[in-house]
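Hi there,

Here is the structure I promised to pass on to you. Please have a look at it first, and then read my notes underneath.

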Amino acid sequence: MTTGNDQKATLSYGDQKIELPVVVGTEDEHAIDISKLRLESGLITLDPGYGSTGSCSSSITFIDGEKGILRYRGYPIEQLAKKSTFLEVAWLLIHGELPKADQLADFTSKVTHHTMLHEDFGRFFNALPKSAHPMPVCAAAIAALATFYQEPETDQKVEETIIRLIAKMPTIAAYSYKHSLGQPNMYPSNNLDYSSNFLHMMFGTPCDDYEVNPVVAKALDMLLILHADHEQNCSTSTVRMVGSSRANLFASISSGISALWGSLHGGANQKVIEMLEAIAQEHGSADKFLQRAKDRDDTTRLMGFGHRVYKNHDPRATILKGACGDVINSLGGSSQLLEIAMRLEEIALNDDYFIERNLYPNVDFYSGVIYQAIGFPVNMFTVIFAMGRLPGWMAQWREMRADPAFRIGRPRQVYTGATERAYE
Ligand code: CMC
């Protein structure tokens, strides 16, 4: 990031003229630095939903929404999805560079050997209703981990917490599923890679020899890579905001999971499948649904469509659309929902309403079709999104804490309530 002396923005208001520095990112993004605005002029800015507000500078993820570009630490998402593994990408996001072979081996070994949960943790799951949605279960479980690891948060401890969270998140997710079924938990297996181990804990039982399908494990690993970071989205901003008070990493990640659950964010992947199934029940006719999505008086939206930043295409959706067919073919499952999704996409992309608003399929549009083909229950979809997003959240949290400009997050407001009145 540079601050060019010759680059200033001037804000005129009344008889004030305020000069504001302009900062330029490495991809030539320009931003007006208003951090001293209030101090110098008494003014604040107003930007509901933060569409024009940069909350930080960051060197982790770059998105060009107009061109449909997504890069982690400079590497295009298409290349990482094809050539990398989730643990390698996690390292990249957290440490800034791809790991050398020995670093990756050490990281993988540490993650593999921290997957178990303390046996006392079993009581935590037993306290919750079997019908519990796994997202609040995971959010609560991650927050509860802080009660097992209470040491002061030194840099060394943060490193350990990062390993523990990556290692234990799949175990927590799988245990929440097993609890809902009333089945015994499956212990993690140290012989399996990250994604295979998750599949083993999800679908294995002590009564059979569940064999992980390598095509499925590879597809899951790729899905995790695609979700691993997405700069300052709602949940990541939440993680940064909570962490900015110096709340610990467990608490910050737990709040990120809660933010992700909402249907406009990560929760959309569950809603997409529910929408496709509803359309399938109506014999595949998408027209009625699209009419409702376009009606301003109806709150229905075409789930998995639209994005705050992407105004061309979401590169993750493009990759997933290609992968859907491969997974379904290899599993020999039904492609009915994929066919409905593709038809829906085609109709929407030729419809003026969606064209005028630059609405394209986002990552959630096709991910659910793959999750469902693999056999994940619908309410686990957003949990898998959270598993994928975890390294991104932690990389962003750490970057924030190391930033010399780090301050507690505290936006202002324009007050519109009653002026002073007497209590009588
Ligand atoms: N279906 C129908 N209309 C839509 C949709 C949609 N999916 N998305 C946006 N619009 C319309 C919206 O009604 C508005 O129309 P108008 O200008 O006539 O009032 C216009 O497009 C702009 O929408 P917005 O709500 O101002 O856009 P936003 O940037 O605030 O919201 C969004 C982005 C993702 C929340 C929104 O597109 C949406 O609700 N999509 C469906 C939910 C979804 O798929 N979420 C997953 C996002 S990607 C994964 C992630 O990172 O979480």
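Below is what I found, starting with the ligand and moving on to the domains.

Please keep in mind that this is a predicted model, so every value here is computed from it.

The ligand

There are 21 residues around the ligand, and His265, Arg296, Arg301, Leu302 and Arg308 are the ones that come nearest. Sorted by class, this shell holds nine nonpolar, seven polar and five charged residues.

Three polar contacts may interest you for setting up the ligand. A polar backbone atom of Leu302 sits 2.7 Å from a nitrogen atom of the ligand. With Tyr353 the side chain is involved: one of its N or O atoms is 2.9 Å from a ligand nitrogen atom. Asn362 also uses its side chain, placing a polar atom 2.9 Å from an oxygen atom of the ligand. As for cover, the ligand on its own has 940 Å² of accessible area, and the protein covers 78% of that.

The domains

The domain assignment splits the chain into domain 1 (2-64), domain 2 (75-262 + 378-397) and domain 3 (268-374). Domain 2 is therefore written as two segments, with the range of domain 3 falling between them in the numbering.

I looked further at how domain 1 meets domain 2. Their C-alpha centres are 35 Å apart, and the contact draws on six residues from domain 1 and eight residues from domain 2. Between them the two domains bury about 620 Å², with 61% of this on carbon and sulfur atoms.

Which three residues supply most of what domain 1 buries against domain 2? They are Ile60, Thr61 and Ile63, which account for 69% of that area, more than any other three residues.

What about salt bridges and polar contacts across the interface of domain 1 and domain 2? The rule finds zero salt bridges there, and one residue pair in polar contact, with both residues at pLDDT 80 or more. On the side of domain 1 that touches domain 2, the residues divide into three nonpolar and three polar, with no charged ones.

Happy to talk any of this through whenever it suits you.

Best wishes

Key: Residues numbered from 1 in each chain as written. Predicted model: local features only at pLDDT ≥ 70, side-chain atom pairs only at ≥ 80, totals over all residues. Heavy atoms only, no water. Near = heavy atom within 4 Å. Polar contact = N/O pair within 3.5 Å; in protein donor to acceptor, adjacent residues only side chain to side chain. Areas by Shrake-Rupley, 256 points an atom, 1.4 Å probe, with all protein chains shown as cover. Nonpolar A, V, L, I, M, F, W, Y, C, P; charged D, E, K, R; others polar. Contact = heavy atoms within 4.5 Å. Buried area = accessible area lost by both parts, 1.4 Å probe. Salt bridge = Lys/Arg side-chain N within 4 Å of Asp/Glu carboxyl O.
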